[in-house]
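Subject: Handover of a structure

Dear colleague,

Please find the structure below, followed by an account of what was found in it. I would be grateful if you read the two side by side.

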Amino acid sequence: MLPSSLVRYVEQHILPRYAAFDPAHRINHARQVIDESLKLATHYPVDAAMVYTIAAYHDVGLCEGREQHHLASGRLLMADERLHEWFTPEQLHVMREAVEDHRASNRHAPRSLYGMIVAEADRVIDPHVTLRRTVQYGLDHYPELDRKGQYARFRAHLTDKYAEGGYLHLWIPESENAARLAELRTLIADEPRLRQAFDELYEQSKI
């Protein structure tokens with residue numbers, strides 16, 4: 001059972017920060033990662049309040065830019081004095097590491113089970129959602145690219161991250177991500193289908 005005071009604080013003061021981020025990292029994304037983290041946490045002897053808070057903070061560092069946002073998120077978590085109402089310094093240290101370790105492009109494994117849980121939850125691999133977020137991110141961060149350039153960036157990112165040999169790693173066997181990743185890899189390898197999906201999402205995002 002999550003402390004109601006903690007949930008109230010996160011709902012009122014942390015989640016609203018996501019409204020300022022790009023469309024792929026807004027409040028619905030934060031809630032999705034929270035829900036998936038809590039679901040995965042039921043398989044392990046972990047503190048649900050820690051899992052909840054880690055997930056809520058995992059992307060708040062985007063306010064300082066994307067490149068080092070995972071480190072900024074950890075700093076912001078540690079700087080939040082209110083969290084001492086619910087967590088010990090030792091717990092906060094673990095939580096900071098977990099937030100820092102959530103990023104898919106990290107070359108090292110998460111340092112704790114908490115880090116593995118939020119990293120896995122942040123993947124939330126749904127082929128359609130992943131493709132849509134990739135298109136939205138390109139339009140938001142690379143507005144100078146024309147349609148051809150957007151597709152090239154879209155395909156390169158998906159290949160680098162999700163295709164066979166990509167840098168994305170899965171950590172929690174109870175997650176449904178493995179089957180979804182296989183489905184996404186099949187789509188990435190099918191150039192006509194991938195281009196059709198891009199064209200549809202591109203038109204929708206430009207409206």
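Helices (H or I, at least four residues) are DSSP runs, numbered from the N terminus. The structure is a predicted model, in which local features need pLDDT of at least 70, side-chain atom pairs count only at pLDDT 80 or more, and totals for chains, interfaces and linings use all residues. Residues are numbered from 1 along each chain as its sequence is written, and side-chain values use heavy atoms, with hydrogens and water left out.

The largest pocket (on a 1 Å grid over the protein atoms alone, an open set of points with protein on both sides within 12 Å along at least five of seven lines) has a volume, the space filled by probe spheres set on the points, of about 620 Å³. It is lined by 27 residues (those with an atom within 4 Å of a point), and His25, Arg66, His157, Lys161 and Tyr167 are the closest to its centre. At least two lining residues come from each of H6, H7 (127-141) and H8 (147-162).

H6 (residues 113-123) also packs against H2 (residues 27-41), at an angle of about 130° and with the axes 8 Å apart. Axes are lines fitted to C-alpha atoms over the stretch in contact, and angles run from 0 to 180 degrees between N-to-C directions. H2 and H6 are therefore oblique to each other (not under 35 degrees, over 145, or 65 to 115). Contact (heavy atoms within 4.5 Å) involves residues including His29 and Val33 of H2 and Ile117 and Val118 of H6.

Yours faithfully

Note on methods: 1 Å grid on protein atoms, 1.4 Å probe; cavity = no way out; pocket = protein on both sides within 12 Å on 5 of 7 lines; lining within 4 Å.
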